[in-house]
Amino acid sequence: MVPRTIARLTLATLFGHRRGLLLYVLPGVFVALSVLLALTVDDKTGLQPALLQQLGLAVILPLVALVAGTGAIASEIDDGSIVYLLSKPIKRSTIVLTKAFVAIGVVLLLGALPILLAGVVLDSGDVRTAVAFGIGSLVAGIAYVAIFTALSVFSGNAVTVGLIYSLLWESVMGQYVDGAKVLSVQQWSLALISKLTDAPQVESAVKLPIATILLVVVTVGGLTLAVAKLRSLVLSTAE
Amino acid sequence: MSVIQIDKVSRWYGNVVAVNDVTMTIGPGVTGLLGPNGAGKSTLITMMAGFLPPSVGAVTLDGVPVWRNEQAYSQIGLVPETEAVYDTLTGGDFVRANAELHGLSQPGDAASAAIATVAMEDAAGRRIATYSKGMKQRIKMAAALVHEPAVLLLDEPFNGMDPRQRLHLMELLRKMGSDGRTVLFSSHILEEVQQVATHIEVVVSGRHAASGDYRAIRTLMTDRPMLYRLRSSDNRRLAAALIGDPSTTGADLDAAALQVRVVDFERFSRLVPTLARDLGIRLLEVSPTDESLESVFSYLVGRR
């Protein structure tokens, strides 16, 4: 009962405000662009994995996870309405995990599924690669949500810091800078995707076992830190 | 019957001291936490609500610390000063969600009862975003009452309320207090506090300045030396007559007016018109020069 109520309140905050529109706009634009390219480009060799990785996995997914992850908890901390959750005899882990779960659900529906859909649209002959990217996106999305949940509880500027991280670290460094790739959620999920597909263009800078360990550490670590911090969250007073 | 104990509590932010060595016990009944803006009232309430640890000292509810103790909230109802609520919900949904979060077995019934208590039945189906400030305050109150807590903490609950809503809330607080609940609310307005509170705690500049029922506080506040400014048709003769009376301890005469230091306000207030009539002096102005709440409070602090 309690988690369901927390989830309902979280969804009301996520989609009740204007920022929630971004959650539809980002995947909408991505799918629309894929349809457009599928209809207009003649030589589609390598187009599907390239677009799914460089735009879908590297840009759209972290942004959707950012809006979902921070929207699920940071906005309530910012405006103070989190007090109605915290002033209840509820375990702090229940609050954090329920909110993260809701954000992961949003990432699945508005991040991973659109990426899968775009993959099918771009190359209906290679559904396997599309599914691989869908699964990889979900896994990366879970890690992103954990990162952004922790960031939301620790920083008053979660959205700004998260945006810099997504765009600079994940979208640019994680794609093009060799040293940084090892510490990029995107590369870890690529390790999984390359295992699931035989498309030759998909390759990761990290081996799958290491990638798996890093994904688990970041996810569990982020959520654990968020629970610990929420337990001793100081609410600012008017004075 | 629940008791909040604040024991030698200080709280500082960096090198700013917000609360300075405060000890007080809040028991059943209505207690008013009175003090000027910035006195540390919100900091104290936030600590009592378990959302801020004291830098030193202890804040306990029935002997158990409230900081990092989420089980305490089954006994505490909190009406925060912050206006933010889940304002995309209707008032009814919001109160019901609070009942569910408390794990109540009949959340719907509990929510209806709490909404009826604050007389918000008519607006319960509307989104909170459409509420006035006073209505928001009442729906927050309903959310805090929904689990019938033994302790109710309210931070500046009368802010933004119109006179009718204010009276209604006062009546509600009185009733909660007489039911044996421990009710504590903060305010910077003496009149508000004395109308509802059976007990008053005064804080000024982070320090505990006075404690008692409202008569004791009122007496403390009126029985202090006060400066009065008088203008009349003959300031000099009036000064001479006033200084001869024990209700004053000094008089200062300048070109424009007469400043009199008053120690017994009751006596002084009867003396001035009588003297003026007997001496045939016309009074043009009699006004206190430092009647602001801050000066009353700083007097109280200076006494201790």
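In this predicted model, helix α6 (residues 127-154) and helix α7 (residues 158-176) of chain A offer a good place to start, as their axes come within 9 Å and cross at roughly 145 degrees. The crossing of α6(A) and α7(A) is right-handed. On the α6(A) side, the residues that meet the partner helix are A:Phe148, A:Leu151 and A:Ser152, and they face A:Ala158, A:Val161 and A:Gly162 in α7(A). Sorted by class, this contact has four nonpolar and two polar residues, with no charged ones.

A second pair of helices in chain A can be read in much the same way. Helix α2 (residues 21-40) and helix α5 (residues 92-122) of chain A have axes that come within 9 Å and cross at roughly 5 degrees. Angles under 35 degrees count as roughly parallel, so α2(A) is roughly parallel to α5(A). From α2(A), the contact draws on A:Leu23, A:Tyr24, A:Pro27, A:Phe30, A:Val31, A:Ser34, A:Val35, A:Leu37 and A:Ala38. Their counterparts in α5(A) are A:Val106, A:Leu110, A:Gly111, A:Pro114, A:Leu117, A:Ala118, A:Val121 and A:Leu122. Of the residues in the contact of α2(A) with α5(A), 15 are nonpolar, two are polar and none is charged.

Chain A also touches chain B. The contact between them takes 27 residues from chain A and 31 residues from chain B. On the side of chain A that touches chain B, α1 (2-16) and α4 (83-86) of chain A each supply at least two residues. The element that gives the most to this side is α1(A), with seven residues. By class, the side of chain A that touches chain B has twelve nonpolar, eight polar and seven charged residues.

Turning to chain B, the chain is divided into domain 1 (4-219) and domain 2 (226-289). The C-alpha centres of these two domains of chain B lie 44 Å apart. It helps to look at some of the sheets and helices of this chain in turn.

One sheet in chain B is open and has four strands, in the order β2-β1-β4-β5, with antiparallel pairing. At its edges stand β2 (16-26) and β5 (64-65) of chain B, each with a single partner strand, so one side of each is left without a neighbour in the sheet. Strand β1 (residues 4-13) of chain B runs antiparallel to β2(B), and seven bridges join the two. For a pair to look for in the structure, B:Ile6 has B:Met24 in β2(B) as its bridge partner. As a reminder, strands of a sheet pair through backbone hydrogen bonds, either parallel or antiparallel.

Two helices of chain B, α2 (residues 91-101) and α4 (residues 133-145), pack at an angle of about 25 degrees, with their axes 8 Å apart. The two helices, α2(B) and α4(B), are therefore roughly parallel to each other. Their crossing is right-handed. The contact is made by B:Gly91, B:Phe94, B:Val95 and B:Asn98 of α2(B), together with B:Ile139, B:Ala142 and B:Ala143 of α4(B). Five nonpolar residues, two polar residues and no charged residues make up the contact of α2(B) with α4(B).

Another open sheet of chain B has four strands in the order β12-β13-β11-β14, again with antiparallel pairing. Here the edges are taken by β12 (248-253) and β14 (283-288) of chain B, each with a single partner strand, so one side of each is left without a neighbour in the sheet. On average, and with direction ignored, neighbouring strands of this sheet are turned by 20 degrees against each other. Five bridges join strand β11 (residues 226-232) of chain B to β14(B), and these two strands run antiparallel. One position to find in this pairing is B:Ser232, whose bridge partner in β14(B) is B:Leu283. A helix completes the picture: α8 (residues 235-243) of chain B packs on the sheet and touches β11, β12 and β13 (258-262) of chain B. The direction of α8(B) makes about 165 degrees with that of β12(B).

Methods:
Residues are numbered from 1 along each chain as its sequence is written. Chains are lettered from A and ligands numbered from 1 in the order in which they are written. This is a predicted model: local features need pLDDT of at least 70, side-chain atom pairs count only at pLDDT 80 or more; totals for chains, interfaces and linings use all residues. Axes are lines fitted to C-alpha atoms, for helices over the stretch in contact, and angles run from 0 to 180 degrees between N-to-C directions. Angles under 35 degrees count as roughly parallel, over 145 as roughly antiparallel, 65 to 115 as roughly perpendicular and the rest as oblique. A crossing is left-handed if the near helix is turned anticlockwise from the far one by less than a right angle, and right-handed if clockwise. Two residues are in contact if their C-beta atoms, placed from the backbone, lie within 7 Å. Ala, Val, Leu, Ile, Met, Phe, Trp, Tyr, Cys and Pro count as nonpolar, Asp, Glu, Lys and Arg as charged, and the others, Gly among them, as polar. Domain bounds come from an automatic or database domain assignment. Two strands pair if DSSP finds at least two bridges between them.
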